[in-house]
Amino acid sequence: MDSYDVVIIGGGPIGIACGLEAQKKGLNYVILEKGPIVNSLFNYPSNMQFFSSSERLEIDNIPFISIEAKPKKNEALEYYRRIVTSNDLNINLFEKVTEIKKEESGFTITSEKQKYFSRKIIIATGFYDIPNLLNVPGEGLSKVSHYYKEPHFYSKQNVAVIGASNSSIDAALECWRKGANVTLIIRGAEVGSRVKYWVRPDIINRIEEGSITAYYNSTVKKITQNKIHIQTKTGVKALDNDYVLALTGYRPDFKFLNLLNVELSNDEKKIPQYNPDTMETNISGVYLAGVVCGGMETHKWFIENSRVHAKLIMQDIVQNIKV
């Protein structure tokens, strides 16, 4: 069994930042990532543009140069990949962690490939793996997806996009521009207030001119092979439908936190307990980094405001190991 000072679970930007900092501190570490480098980012929509500017996505003061102020997905993939390869980070890809057990002097981490022992662990697992389900009949049909990649597939099709956030609005606009007949189904009274400021006027104008149909204060009742049934303010409507993009957000996987008895808040937010000065949880030796710190409030932590977690964590780990 390989033994480490610290095992970092998750190879996204914040997991990579933790690896860089561990390397600088001279710690024996490994990053375990269940997919490719920055797996969640790899699975984002193909044409995605970040809300943040490139300098706010930088880690370890490594310059991020992009064509526009706000970089595109392909530029971010190149940036983080080059950091991993240029710094020869110790990262095991396509290796999913299945279990973590607290031991007297550390932790046993079991992956699909092997076991590890580590004195400390960092959970930097993000939130993009588990979609918030609609829990309606027909959600399991093959025409329903909780993820969106690119618009060409939906050209000339009746597409229902559910949600009012950046992901749903981007998908609605892209699909419409590629020739889809797009209907937006929004639970609230308006397009989400956190939609990117240069995109929000675009979708509002498309709705007002009738290019995209929007149903506000509406929810999905059921999905059938050729229809989607929605509850509106004026009653239930059955709309012709070929595909459904249910982009209603995602949630962290609390599996490891529960296995380790990390305390979560007793409300629907499920915010884990941790010391903001060190990022250590109520379980000694277990640290959190990135968006997982926000529990269900996935909009609270981003790359730009959680990249500092790496330095806080490694400083504490080095002090504890020396003691």
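**Second largest pocket, helix α3 and overall fold**

Helix α1 contributes the most to the lining of the second largest pocket, with three residues. The structure is a predicted model, in which local features need pLDDT of at least 70, side-chain atom pairs count only at pLDDT 80 or more, and totals for chains, interfaces and linings use all residues. Residues are numbered from 1 along each chain as its sequence is written, and side-chain values use heavy atoms, with hydrogens and water left out.

A pocket is an open set of points on a 1 Å grid over the protein atoms alone, where a 1.4 Å probe fits, with protein on both sides within 12 Å along at least five of seven lines; lining residues have an atom within 4 Å of a point. The lining of the second largest pocket includes Ala-17, Leu-20, Glu-21, Arg-307 and Lys-311. Two or more lining residues come from each of α1 (13-24) and α8 (309-322).

Helix α3 comprises 14 residues (73-86); at 1.5 Å a residue, taken over one less than the number of residues, the expected span is 20 Å, and the end C-alpha atoms are 20 Å apart, in agreement. Its buried residues (under 20% relative accessible area, 1.4 Å probe, protein chains only) include Tyr-79, Tyr-80 and Ile-83. The buried residues of α3 pack against α1, α2 (39-42), β3 (91-92) and α7 (303-306), with contact meaning heavy atoms within 4.5 Å. Asp-88, which follows α3, has a positive phi near 50°.

The protein contains eight helices and 17 strands, assigned as DSSP runs (H or I, at least four residues; E, at least two) numbered from the N terminus. Buried residues account for 50% of the 323 residues.
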